[in-house]
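This report walks through one model, starting at its DNA contacts and moving on to a sheet and the helices packed against it.

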Amino acid sequence: MTRLVLIDGSSYLYRAFHALPPLSNAAGEPTGALFGVVNMLRGHLKEQPEHIAFVVDAPGPTFRDEMYPDYKANRPPMPDELRAQVAPMLDVVSALGIPILREPGVEADDVIGTLAVRAAEQGMQVTISTGDKDFAQLVRPGIALVNTMSGSRLDSEEAVRAKFGVRPAQIVDYLALMGDSIDNVPGVEKCGPKTAAKWLDEYGSLDAVMAQAEAMKGKLGENLRAALPRLPLNRQLVTIKTDVPLDVAPEDLALRPRDVDALRALYTRYGFNQALKELDAGASAAAAPAPVATAASVAAQTDPALAAPGEYETVLTQAQLDAWIARLQAAAEFAFDSETDSLDPLRANLVGLSFSVEPGRACYIPLAHVYPDAPAQLDRAAVLEALRPLLEDPAKHKLGQHGKYDLHVLCRHGIQVRGYADDTMLESFVLEAGLARHDMDSLARRHLGYTTIKYEDVAGKGARQIPFSQVAIDAATRYAAEDADITLRLHRVLRPKLEAEPALLAVYRDIEMPLVPVLARIEDNGVMIDVEELRRQSADLSRRMLALQQRATALAGRSFNLDSPKQLGALLFDELKLPARVKTPGGAPSTNEEALEAIADLHELPRVILDYRSLAKLRSTYTDKLPEMVNPDTGRVHTSYHQAGAATGRLSSSDPNLQNIPVRTEEGRRIRAAFIAPPGRRIVSFDYSQIELRIMAHLSQDPALLRAFAQGADIHRATAAEVLGKPLEAVTSEERRAAKAINFGLIYGMGAFGLARQLGIDRGQAQDYIALYFSRYPGVRDYMERTRAQAREQGYVETVFGRRLALEYIHSRNAAQRAGAERAAINAPMQGTAADIIKRAMVAVDAWLEDQRTAAGAPRALMILQVHDELVFEADADFVPELQAKVPALMAGVADLRVPLLVEGGVGANWDEAH
DNA sequence: AAGGACTCATA
DNA sequence: GTATGAGTCCTTT
C-alpha cells in the first residue's frame with residue numbers, strides 16, 4: 001500500500017521554536033526551530049514514504065478570518081528569530097525532495113484535511129504529522145496522526161477516545177465547547193477537556209448539549225448559557241475542511257530525489273554536523289540513521305561527547321553514578337529535583353534525585369523505591385555523600401523549580417545546599433506576575449509547548465494514590481528526570497527574558513533569590529504553641545457554642561444546622577420573613593455578617609447566629625486545628641510560605657496559614673497568646689507603621705501627605721484635620737474614623753459606593769468626602785490617574801523596586817472586570833512595594849542574625865513569622881535589647897523613600913504580648 | 001472524593 | 001474597594 005505523509009509545517013516550526021533552546025550557528029543566525037524541523041523531516045524520510053508534502057500557510061486572509069474577525073487575534077506577530085528561519089527551512093525541505101504546498105486563501109489545515117481524505121479514499125495509508133490536536137477529528141481507517149515532538153501516535157478511533165474521551169467525529173464539538181485561547185476562540189468558561197468530554201459523552205453532540213443548556217445547573221450551566229450564541233461559530237472555526245478545491249492531487253506528491261550538494265551547503269552553513277556526517281556517509285545508502293526531532297537529539301547535535309543512548313537514564317550502578325557526578329562536575333550549572341513521599345517537606349523522606357546538565361538529557365537516581373520486585377538501588381546515604389561536595393559548593397550553580405522544597409528535603413537528610421542560584425518558578429513569577437501560573441506544568445506548556453507527565457499519571461490520585469516510593473522505577477524515571485530536564489530547559493528560555501529587563505532582573509536577583517534560604521530557615525524554625533491552652537480554649541468555645549445553639553433552636557422553634565447558610569437562609573428569610581438586604585455573588589440572599597447585622601434589631605436570632613459563628617470560626621480554624629499541625633519531631637508548628645503565591649509580590653502562608661491568626665477581638669487575641677516562647681526566650685515583634693500609606697505618599701509626592709509623615713503625625717487625624725480645615729486637636733473620634741476609612745479605601749482603589757457602605761452614609765455624601773479629600777491632596781488624585789493610565793497603556797503597573805504586575809482584564813469588554821482591574825492597578829504598587837520592602841528586610845535581618853550566632857554556632861534569635869508588615873522573632877531573653885536596637889534600623893533602612901519608614905516593636909512571653 | 005459556593009480570619 | 005487561605009456544607013462524580 002502506498003503511503004502519504006502530510007506535514008503541518010507551521011505547527012512544527014512554531015513548536016520547535018518554542019521547545020528548543022535558542023541555538024545559533026557560527027555566524028549567529030538563529031537555527032533552533034530550523035534544527036527541530038530538519039530532524040523531524042529526517043525522521044519521516046527514514047520511513048521512506050512514497051508520497052509526502054510539507055504544507056504551510058500562504059500569506060493573506062482565509063475564510064476563517066472573514067467568518068470571525070478576531071480569529072487568532074491573540075497571536076503575537078512572528079518573532080524575528082523565527083521569521084529568519086522560514087526561508088532556510090523551505091530551502092532544506094526543497095533540497096530533501098519534499099514537495100511544498102502553500103495554497104492562498106485556504107489554511108494549511110484545510111489543505112491537509114482535503115488531501116488526507118482524498119488519499120484515504122484512494123486507498124493510501126495517510127499519516128498527518130502535526131503538533132495540533134485539532135487534527136484528531138480526521139482520524140479514521142487509513143488516516144493516522146503522529147506528533148514527532150511528543151512521540152504520540154493516534155491511529156484509530158480507540159486511540160482518540162483514549163486520549164480525549166470522545167470519538168474523532170465528536171472532536172469538533174469538543175473543541176467548540178472548550179474554545180482555543182491560542183486562536184482567540186472563546187469556548188464555555190470553566191469547561192475544559194473533562195467537562196467537554198463529559199457532556200458529549202452524556203448528550204452525544206454539541207447540538208444536544210446546547211438543547212440541554214437551560215437544564216444545566218450551577219456555574220457551569222450559567223457559563224454554558226452565556227456561551228450559547230458563539231458555539232455554532234466555534235464549531236465552524238475548528239472544523240477542518242476536507243473539500244477545498246485544489247489543483248494538486250495526492251498522487252502528485254511523490255518524494256523526489258534529494259539534492260545532496262544543496263543539502264551539504266545548507267547543513268554546513270547552519271552547523272548541523274550530525275546531519276552532515278550522515279549525508280556524506282550515506283550518500284549512496286538510502287536509509288542512514290536519522291534521529292527524530294526529540295530534545296535528546298538536540299543534545300546529541302550540540303554536544304556529541306555526551307550523546308548516550310536514551311534521553312533519561314535510571315542510575316542504578318556505581319559506574320553510572322560516577323559518570324553522572326563527572327558530568328555534574330564538568331557542567332557550569334545543573335538542574336536538580338528531589339522526589340519524596342510527602343508534600344510536607346519537613347516530614348518528607350527522600351525517595352530519589354534527578355539531575356540534568358543539558359536540555360534533553362537527565363538522570364533519575366532512585367534511592368528508596370520499595371515495592372515487590374523493585375530493583376536493587378544505590379545506598380541513599382552513600383549517594384548523598386558522593387553528591388555532597390557538589391550540592392554544598394556555593395560556586396556550583398544549581399537550578400530548580402520551587403527549590404525551597406528540595407532545600408528542605410536535602411537539609412533533613414543532612415545536606416546544606418549552597419549555590420542555589422536560580423529558580424524557574426521565581427523567574428516566571430518576576431516576569432509574568434498576574435498573567436500566568438508558575439507551576440512547572442504550566443511553564444512547560446507556555447514556554448516550551450511541552451506537556452509534562454502529571455504526578456497523578458504515575459502515582460494515581462485520591463484514595464488510590466500511592467506514595468512515590470511505590471511508583472515503578474521506569475515510570476518514576478520518566479517523571480522525575482523530566483522535571484530536572486524541563487527545569488533546565490525553562491531556565492534557558494526564561495533567563496534571557498530576565499536579562500533583557502534589568503529592573504526585573506534586579507527584583508529577581510536582589511529580592512527573590514536571596515529570600516529563598518531565608519524562608520526555608522523561617523519554615524524550619526517553626527513556632528512553639530501552647531497546645532494545652534488551645535485545648536482549654538476549644539473546650540470553652542464548645543460549651544458556649546452549645547448554649548448558643550440551644551438558644552437558636554428555641555428562637556427558631558425547631559432545630560436546624562447553624563453552620564449551613566442554606567438552612568439558615570430558609571429559616572430567616574422564608575419562615576421568619578426577615579428582610580433579605582444583602583445578596584451573595586450567586587444571587588441568593590446572603591447570611592453573612594453584614595446581612596445579619598442589618599436585621600439584628602428585628603429579631604434576636606441573627607445576633608445569636610453571629611455570636612455562634614465567631615466562636616465556631618475560632619474553634620474550627622484555630623483552636624482545634626493548630627494542635628493538629630504540631631510536627632511530632634520538632635514539637636512546633638511549621639507553616640509554608642509561598643513566594644510566588646500573590647501576584648502583588650506578597651507572600652502567602654498555608655498549612656497552616658499563620659498570616660490570619662485573629663487579633664481584632666479579645667477572643668481572637670487569646671489564640672495569639674498561645675503562640676509562645678520556650679523558657680529563657682521571648683517573642684519579639686516588629687511591624688512597619690502605615691507602610692502602604694507612606695508608600696502612597698512617596699509615589700504621589702503629594703506635599704500635604706509628605707509633610708504629615710515628615711512631622712510624625714497621627715496620619716488619620718492629620719487627614720481629618722486637613723480635609724476639614726481644622727486644627728489637629730479639634731478632630732473628633734468620629735471624624736478620625738471617617739478619615740481612616742478614606743485612607744484605607746484609597747489604598748484599595750475604592751469609589752464612593754464602597755466608602756458609603758463602609759461608613760454607613762449615603763453615596764452622595766461619600767462622593768463629597770472623596771472630592772474634598774482630593775482637593776486637599778491633589779497629588780494623590782493625580783497619582784491615581786497616572787496609575788490607571790499606565791495600566792491601560794502598558795498593561796501592567798510597577799512597584800518602587802521595578803516589580804511588575806500585569807492586569808489581564810484592564811481592557812476587558814466587561815465593565816465590572818475592567819473596574820476590578822483598575823482597582824487592582826491602584827492597589828498593586830502600594831501592596832507590592834510594601835512586599836518588596838519587607839522581603840529585603842527579611843534578607844538583611846537574616847544575614848545579621850547569622851552573624852550574631854554564639855561561638856558555638858547557636859542562633860541567639862530566630863525569625864519565626866512574617867505577616868505582610870510584621871516580622872516576629874523568638875530571641876534569647878538576654879539578646880532582646882540588641883534585637884530591639886538593631887532590627888528596626890535594618891527594617892527601616894532597606895528602602896529610601898521620600899518619607900521615613902517607622903518600625904514599631906514589642907516584646908513578651910507570647911505573640912499577643914509582643915504585638 | 002472532588003469542586004463550587006459561602007463565610008470569615010489576616011494585612 | 002486590594003491581597004490571600006481555609007473550614008463547612010452540599011451537589012455532583
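## Phosphate contacts

In this predicted model, S564 places a polar side-chain atom 2.4 Å from a phosphate oxygen of DNA strand C. S652 does likewise, with a polar side-chain atom 2.6 Å from a phosphate oxygen of that strand. R823 also takes part: an N or O atom of its side chain is 3.0 Å from a phosphate oxygen of DNA strand C.

Several elements supply two or more residues to the surface near DNA strand C. They are α24 (565–575), α26 (605–623), β17 (652–654), α33 (752–759) and α36 (815–851). Which of them gives the most? It is α33, with five residues.

## The surface around DNA strand C

DNA strand C is surrounded by 31 residues. The closest are K198, S564, S652, D655 and Y748. Of the strand's atoms that come within 4 Å of the protein, 76% belong to sugar and phosphate.

How does this surface divide by class? It has 14 polar, 10 charged and seven nonpolar residues.

## The annotated palm span

A UniProt record, an unreviewed entry, places the feature "domain: DNA-directed DNA polymerase family A palm" at residues 668–879. In the model, helix makes up 58% of residues 668–879 and strand 14%. The C-alpha atoms at the two ends of the span are 29 Å apart.

## A six-stranded sheet

Elsewhere in the sequence, six strands build an open sheet with mixed pairing. The order is β9-β12-β11-β10-β13-β14. Two strands sit at the edges, β9 (312–314) and β14 (420–423), and each pairs on one side only. From one strand to the next, the twist averages 25°.

Within the sheet, β10 (residues 333–340) and β11 (residues 350–358) run antiparallel. Six bridges join them. One pairing to locate is T340, whose bridge partner in β11 is L350.

## Helices on the sheet

Which strands does helix α18 touch? Helix α18 (residues 424–432) packs on the sheet against β13 (397–400) and β14. The direction of α18 makes about 50° with that of β14.

Helix α21 (residues 473–499) packs on the sheet too. Its contacts take in β9, β10, β11, β12 (361–366), β13 and β14. The direction of α21 makes about 45° with that of β11.

Methods. Residues are numbered from 1 along each chain as its sequence is written. Chains are lettered from A and ligands numbered from 1 in the order in which they are written. This is a predicted model: local features need pLDDT of at least 70, side-chain atom pairs count only at pLDDT 80 or more; totals for chains, interfaces and linings use all residues. Side-chain values use heavy atoms; hydrogens and water are left out. Two strands pair if DSSP finds at least two bridges between them. Helices (H or I, at least four residues) and strands (E, at least two) are DSSP runs, numbered from the N terminus. Axes are lines fitted to C-alpha atoms, for helices over the stretch in contact, and angles run from 0 to 180 degrees between N-to-C directions. Contact means heavy atoms within 4.5 Å. UniProt positions are given in the numbering used here, feature names are shortened, and annotations may be inferred rather than shown by experiment. A residue is near a molecule or strand if one of its heavy atoms lies within 4 Å of it. A polar contact is a pair of N or O atoms within 3.5 Å; within protein, one must be able to donate a hydrogen and the other to accept it, and residues adjacent in sequence count only if both atoms are side-chain atoms. Ala, Val, Leu, Ile, Met, Phe, Trp, Tyr, Cys and Pro count as nonpolar, Asp, Glu, Lys and Arg as charged, and the others, Gly among them, as polar.
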